[in-house]
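This note is addressed to a colleague who will work from the coordinates. Please read the points below alongside the structure.

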Amino acid sequence: QVHLVESGGGLVQPGGSLRLSCAASESGFSGSKFRFTTMAWYRQQSGEQREFLAIISGGGSTRYADSAKGRFTISRDNVKNMVFLQMNSLKPEDTAVYYCNTVPLIPDYWGQGTQVTVSS
């Protein structure tokens, strides 16, 4: 069973930064499976569909949505089974619940997400 737990959200002023974390349960990624799993970050703004933000392969190759490019950085720690999203220059429109998931996306893997609110 895979469990993904997001953390690190909060209230931040426009222009501020946050670092989100996604912890993947060891039971779901036994042995070295996690290091071969492509992971991604998504977000869901109020009343909107969940949108893709960033993807990272097991080897560290990354790709970003236009909304994240230049401001967000995805990274991973294959020893700790974790994925991170460093978010800089945050804007009020970045307010959303942020989630991680595998690629391909597995609906059963969605966690509770972490709320990010950008407001002065």
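The numbered points below concern a predicted model and take up strand pairing, burial and backbone geometry in turn.

1. The open sheet. Six strands make up an open sheet, and their order across it is S2-S10-S9-S4-S5-S6. The pairing within this sheet is mixed. Strands S2 (10–12) and S6 (62–64) occupy the edges; each has a single partner strand, so one side of each is left without a neighbour in the sheet. On average, and with direction ignored, neighbouring strands of this sheet are turned by 25° against each other.

2. The S9–S10 pair. Within that order, S9 stands next to S10. Strand S9 covers residues 96–103 and strand S10 residues 114–118; the two are antiparallel and are joined over three bridges. For inspection of the register, Tyr98 is a convenient place to begin: Thr114 in S10 stands opposite Tyr98.

3. The loop after S9. Which peptide bond is cis, with omega near 0°? The bond in question runs from Val103 to Pro104. Strand S9 ends at residue 103, and Pro104 belongs to the loop between S9 and S10.

4. Strand S3 and its partners. Strand S3 spans residues 18–24, and five of its seven residues are buried, so this strand is largely enclosed by the rest of the structure. S3 pairs with strand S1 (residues 4–7) in the antiparallel sense, over four bridges. In this pairing Leu4 is set opposite Ala24 in S3. S3 also runs antiparallel to strand S8 (residues 82–87), to which six bridges join it. Cys22 has Val83 in S8 as its bridge partner.

5. Positive phi at Asn81. Although Asn81 is not a glycine, its phi is positive, at about 55°. Asn81 lies in the loop that links strand S7 (72–77) to S8. Is Asn81 buried or exposed? Its relative accessibility is 7%, and because buried means under 20%, Asn81 counts as buried.

6. Positive phi at Ser89. Ser89, likewise not a glycine, has a positive phi of about 50°. Ser89 is found in the loop between S8 and S9. With a relative accessible area of 42%, Ser89 is partly exposed, whereas Asn81 is buried.

7. Items for checking. Three backbone features may be located in the coordinates: the cis bond from Val103 to Pro104, the positive phi of Asn81 and the positive phi of Ser89. Each is assigned to a loop: Pro104 between S9 and S10, Asn81 between S7 and S8, and Ser89 between S8 and S9.

Note on methods. Residues numbered from 1 in each chain as written. Predicted model: local features only at pLDDT ≥ 70, side-chain atom pairs only at ≥ 80, totals over all residues. Heavy atoms only, no water. Pairing = 2+ DSSP bridges. Axes fitted to C-alpha atoms, helices over the stretch in contact; angles between N-to-C directions. Buried < 20%, exposed > 50% of the residue type's maximum accessible area, 1.4 Å probe, protein only.
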